[in-house]
Amino acid sequence: MARTVIITGAASGIGFACAEHQLSLDWRVALIDRDAAALEKARIALARPQETLSFCLDVTDEAHVNAAIAAAGKLGPVRGLVNSAAIGADQSFEATSVEGFRKVLDVNVVGCFIVARAAIGAMRDAGGGAIVNLASVSGLRGNMGRSAYGASKGAIITMTQVMAVELASANIRVNAIAPGPVETAMVRSMHTPEARQNWVRRVPQRRYGEPREIARAAAFLLDDEQASYVTGHVLAIDGGFLAGGLLPD
Ligand SMILES: NC(=O)c1ccc[n+]([C@@H]2O[C@H](COP(=O)([O-])OP(=O)(O)OC[C@H]3O[C@@H](n4cnc5c(N)ncnc54)[C@H](O)[C@@H]3O)[C@@H](O)[C@H]2O)c1
């Protein structure tokens, strides 16, 4: 029977690319996003109505998340989860409001926790599975303007490691991907032309990544054969950003 992967933030960017790629690998895909119009557009663009279900909800809404994950099982056994939904913020530490900081943590950390906890129940019923949490290089380095966002992604990395330790006995692997800058709607709204120049100067490959480059790595981590002994890992897909120090001009 075809396996089902739940993907949050599936209406855009990396989440959408993961949905497209997993469908090409014959998975069924449950798409979750809070943007109804974008979600509908995404499902039409994927053009696989029999193999997809979409759920318009906010990942911080526990009751809706639980109901959606129970319904996603109709597609087939839930063996995968990609937690891609998140919000960004580019604000100096001092300019960040308490309310804004809480909002970022709520969506990016608590939302990921709510969806993962619900999905784990479905994975246990299916005999195991794999979870991929989207972190960021900003969860590993002090990038300016990323106090709330970077703190949320650092939390995702630690949560991923704890989940990997606790869920190994249930045959559930849990890994994180830490992308560098990737061309998506989030980045288009956050990166000014100056910020782009700044990033490209610091990425050894001298370019932004494409969503499909993240989706291929997520597919590897979701694959129980290829990544059978990989859990608790943080995979940087960043054109060399984290490795870099002094770069050529
Ligand atoms: N694009 C990058 O450069 C980059 C770099 C590092 C990490 N990431 C991470 O990758 C993931 C995907 O980012 P992206 O660039 O594709 O973003 P994106 O903005 O293109 O897509 C995010 C999607 O999440 C949805 N979403 C936001 N809040 C939600 C909520 N509360 N409930 C349900 N859906 C919600 C949005 O509607 C949107 O469709 C995020 O976790 C992001 O932090 C992105």
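**View 1. Helix 6 and the lining of the largest pocket.** Helices, as the word is used in these legends, are DSSP runs of H or I that hold at least four residues and are numbered from the N terminus. In this predicted model, helix 6 makes the largest contribution to the lining of the largest pocket, supplying five residues. Helix 1, helix 5 and helix 6 each provide at least two residues of that lining. The largest pocket encloses about 800 Å³ of space, and among the 39 residues that line this pocket, Ser84, Ala86, Ile87, Thr184 and Met186 are the closest to its centre. Sorted by class, the lining of the largest pocket consists of 21 nonpolar, 12 polar and six charged residues.

**View 2. The ligand and the shell of residues around it.** The space that the ligand takes is the largest pocket, and 29 residues surround the ligand, of which Ser12, Asp33, Tyr149, Val182 and Thr184 come nearest. The shell around the ligand is made up of 17 nonpolar, seven polar and five charged residues. At least two residues of this shell come from each of helix 1, which covers 13–24, helix 5, which covers 147–167, and helix 6, which covers 185–190. Helix 6 accounts for the largest share of the shell around the ligand, with three residues.

**View 3. Polar contacts of the ligand with Ser12, Ile14 and Tyr149.** Which part of Ile14, backbone or side chain, lies 2.8 Å from an oxygen atom of the ligand? For Ile14 the atom concerned is a backbone N or O atom, whereas Ser12 places a polar side-chain atom 2.6 Å from an oxygen atom of the ligand. In Tyr149, a polar side-chain atom lies 2.5 Å from an oxygen atom of the ligand. The ligand taken alone exposes 830 Å², and the protein buries 93% of that area.

**View 4. The second largest pocket and helix 7.** The volume of the second largest pocket is about 280 Å³, and its lining is formed by 14 residues, with Met144, Arg146, Ala195, Asn198 and Trp199 lying nearest its centre. Helix 7, which spans residues 193–202, gives the most to the lining of the second largest pocket, namely five residues. By class, the lining of the second largest pocket divides into five nonpolar, five polar and four charged residues.

How values were computed
Residues numbered from 1 in each chain as written. Predicted model: local features only at pLDDT ≥ 70, side-chain atom pairs only at ≥ 80, totals over all residues. Heavy atoms only, no water. Near = heavy atom within 4 Å. Polar contact = N/O pair within 3.5 Å; in protein donor to acceptor, adjacent residues only side chain to side chain. Areas by Shrake-Rupley, 256 points an atom, 1.4 Å probe, with all protein chains shown as cover. 1 Å grid on protein atoms, 1.4 Å probe; cavity = no way out; pocket = protein on both sides within 12 Å on 5 of 7 lines; lining within 4 Å. Sits in = over half its atoms within 2 Å of the grid points. Nonpolar A, V, L, I, M, F, W, Y, C, P; charged D, E, K, R; others polar. Points joined across faces, edges and corners; volume = space filled by probe spheres on them.
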